[in-house]
Amino acid sequence: MCGIVGYIGFRQAPEICLAGLGRLEYRGYDSAGLAVITDNGQLDVRKVVGKIAALRELLQSQPLAGTIGIGHTRWATHGKPSVENSHPHLSCDGRIAVVHNGIIENYQELRSRLEAEGHTFTSQTDTEVMAHLIEKYYDGDLRAAVCRAVRDLQGAFAFGVICADSPGQMVAVRRFSPLVVGLGDGENYIASDMGAIRKETDRVYVIADDEVALLTPDKVELTDLDLNPVDREVFVIPWPADAAEKGGHKHFMHKEIHEQPDAIHACLAGRLSDPDKPIVLEDLNMSEREIKSLRKVVFTACGTAYHAGLVGRFLTEKLARIPAEADLAAELRARDPVVLDNTLCIVISQSGETADTLVALRDMKEKGAKVISVLNVVDSSIARESDGVVYIQAGPEIGVASTKAYTLQILTLELIALHFAEVRGVASPQQLHELKSALLKMPELAQTLLDREEDVKAIAAKYYQKPNALYLGRGINLPSALEGALKMKEISYIHAEGYSAGEMKHGPIALIEPSCFTVAIAVHGEVYDKMIGNIMEIKARSGPLIAVADDGDEQIPVTGVDPQADPDDVAGQPNDMLWVPPVPELVSPVTVAIPLQLLAYHAADMRGEHIDQPRNLAKTVTVE
Ligand code: F6R
């Protein structure tokens, strides 16, 4: 789950690596380090426990100079965060330096073997075995030594390697963990993702499993592990250089929430243009015959993406009338699902690199399911293993808490369900027209919701000091409640539970008291009356309540309000309202998401938390 970045060229490597690491910090941030080859041919290393800012500070007092360097931001897996366990890791003679993202599964066995051969280890990490393996195999050809070393490894990895005895070279290799090589003029780069080096170049090679890149300042050679040349087209990064910067917002999360109107527009472009024309989803890679013969759709994903999958399940059954399931990726394999003929698995992932999701995908493929993925990052591991990919077109998402990707995942699943319904002929033209018209209005509605940010902020100011929250929803908005609660807990650290409102009386109602606020999703639709009942029950127990309701709803603000209540009792106060423009219930998870993201954001900001890098979390979870 760590991030790696490397530079070889004519400029100073530390500055470029530091800037790249700053952009990769979402991948991990418990420690960081840099190694350069100095002008007099030595390896020089700096490491710190803490964030990139701490490394930057250390470099001020102990500068590094050199035009070849590799850097790392760590999220600990093997060995606690410490200077010894931070990367880069060195060979015994200190001439080879390695940075690594991933896990070497057989490192214990390799370490014992290497120790028996006389190698001395200085860390508890799995990574260090790679530095010693390369040292063992090095006979003047760094690339050949890396290839031999990789053959000994089991697990997932992306490595950047430099060697003081091969000062004009850098070698990078990967298996299952992401790696790109950036192409410049007289300078080249490696990185865990394109965002880290987009400022420097828009031309990259996306490296595949068991491929090796040999970089010099002037060229990049790609080969397999047997050193056979690999032909790869240059990928041109489609987003502008400043897309990965904060653009004037206090946090990336805030910027990304505000990017949603444009992002929704981009996601719909070319797919839905007219409420009376069919949805176009060529990248789905499914024939009409295949869609008509589908017997089951299984959604799988982790975290926020799983919540989007729950919305997808609902839409697939309700609109396309296909039996559907949704499973957490980490659980899917455990239950050994029965996969019938004509089963489609829809995998959802922002990063396309989530290890549990990748494992679930492989399992479903092995069992015979066709796999379509709904992704954001282009050319990821999940993309490469899927039979079809529909990109959500969100642009880079840097904030650890997913916002625009969630909204666009739902939107994309709406498009897929409508497409299935159309092809299978199971939805009425009126229903299709109504839903498509509502989706076409989404960019504008999202902007309306953002324009109401000050109202959301005022509500956040009232509640941000409370320790507990309950988020309730039903039907298609149960996932909205789960996602709203996840957003709140992960960035504000307020303990928030998402629940089906129908389950209230089966346990969670015991939590209701003045210090626990409830967020009830009560937009119009099939479950509206039942939500009114839940709100009454909460107010009757003096529970403070925020409702998400349609503009113009006069009932919800006063639902459950007891005019006889003591003035200090919340039962006598009108409910706090997060208003949303009315839309058909089946598309309401898109509009409901936005005020709940803003509520979590402002509550966390008022509490002074590290919003873009919440504690213990990393943006891309590349280990199971
Ligand atoms: C929460 C969040 C995570 C991710 C999850 C899956 O805000 O971002 O729950 O949704 O780790 O990540 P991806 O979508 O990259 O597979």
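Which residue in strand 21 is the bridge partner of Leu472? The answer is given in the first of the legends below, which describe close-up views of a predicted model.

**Figure 1. Strand 20 pairs with strand 21.** The two strands, residues 468-473 and residues 495-500, run parallel and are joined by six bridges. Within this pairing, the bridge partner of Leu472 is Tyr499 of strand 21. Strand 20 is mostly covered, with five of its six residues buried. In a regular strand, side chains alternate between the two faces of the sheet.

**Figure 2. A shell of 13 residues surrounds the ligand.** The closest residues are Ser349, Gln350, Ser351, Thr354 and Glu490. Sorted by class, the shell holds seven polar, four nonpolar and two charged residues. Helix 10 (303-318) and helix 18 (478-492) each supply at least two residues of this shell. The most is given by helix 10, which contributes three residues.

**Figure 3. Backbone and side-chain atoms of the protein approach oxygen atoms of the ligand.** A polar backbone atom of Gln350 is 2.6 Å from an oxygen atom of the ligand. At Lys487, a polar side-chain atom lies 2.8 Å from a ligand oxygen atom. Thr304 takes part through its backbone: an N or O atom there lies 3.1 Å from an oxygen atom of the ligand. On its own the ligand has 410 Å² of accessible area, and the protein covers 89% of this.

**Figure 4. The loop between strand 4 and strand 5 contains Ser86 and Pro88.** This loop lies between residues 68-74 of strand 4 and residues 89-90 of strand 5. Ser86 counts as buried because its relative accessibility is 0%. The side chain of Ser86 reaches the backbone oxygen of Ser82 at a distance of 2.7 Å. In the same view, His87 and Pro88 are joined by a cis peptide bond, with omega at about -5 degrees. Most peptide bonds are trans.

**Figure 5. Arg174 is a buried residue of strand 8.** The strand that holds Arg174 comprises residues 170-175. With a relative accessibility of 2%, Arg174 lies under the 20% limit and is therefore counted as buried. From C-alpha to C-alpha, Arg174 and His78 are 19 Å apart in space, and 96 residues separate the two in sequence.

**Figure 6. Strand 11 pairs with strand 9 and with strand 14.** Strand 9 (residues 180-183) and strand 11 (residues 203-206) run antiparallel and are joined by three bridges. In this pair, Val180 has Val206 of strand 11 as its bridge partner. Strand 11 is also joined to strand 14 (residues 235-236), by two bridges, and these strands run antiparallel. Here Val204 stands opposite Phe235 of strand 14.

**Figure 7. Helix 20 is mostly covered.** This helix spans residues 588-606, 19 residues in total. From its first C-alpha to its last it reaches 28 Å, close to the 27 Å expected at 1.5 Å a residue. Of the 19 residues of helix 20, 17 are buried. Just after the helix, Gly608 takes a positive phi of about 75 degrees. The segment after helix 20 also includes Asn616, which is shown again in the next view.

**Figure 8. Asn285 and Asn616 each have a positive phi without being glycine.** Most residues other than glycine have a negative phi. For Asn285 the positive phi is about 60 degrees. Asn285 is found in the loop between helix 8 (260-268) and helix 9 (288-292). With a relative accessible area of 45%, Asn285 is classed as partly exposed, because this value falls between the limits of 20% and 50%. For Asn616 the positive phi is about 65 degrees. The relative accessible area of Asn616 is 66%, which is over 50%, so Asn616 is classed as exposed.

Notes
Residues numbered from 1 in each chain as written. Predicted model: local features only at pLDDT ≥ 70, side-chain atom pairs only at ≥ 80, totals over all residues. Heavy atoms only, no water. Helix = DSSP H or I, 4+ residues; strand = E, 2+ residues; numbered from the N terminus. Expected span 1.5 Å × (residues − 1). Buried < 20%, exposed > 50% of the residue type's maximum accessible area, 1.4 Å probe, protein only. Near = heavy atom within 4 Å. Polar contact = N/O pair within 3.5 Å; in protein donor to acceptor, adjacent residues only side chain to side chain. Areas by Shrake-Rupley, 256 points an atom, 1.4 Å probe, with all protein chains shown as cover. Nonpolar A, V, L, I, M, F, W, Y, C, P; charged D, E, K, R; others polar. Pairing = 2+ DSSP bridges.
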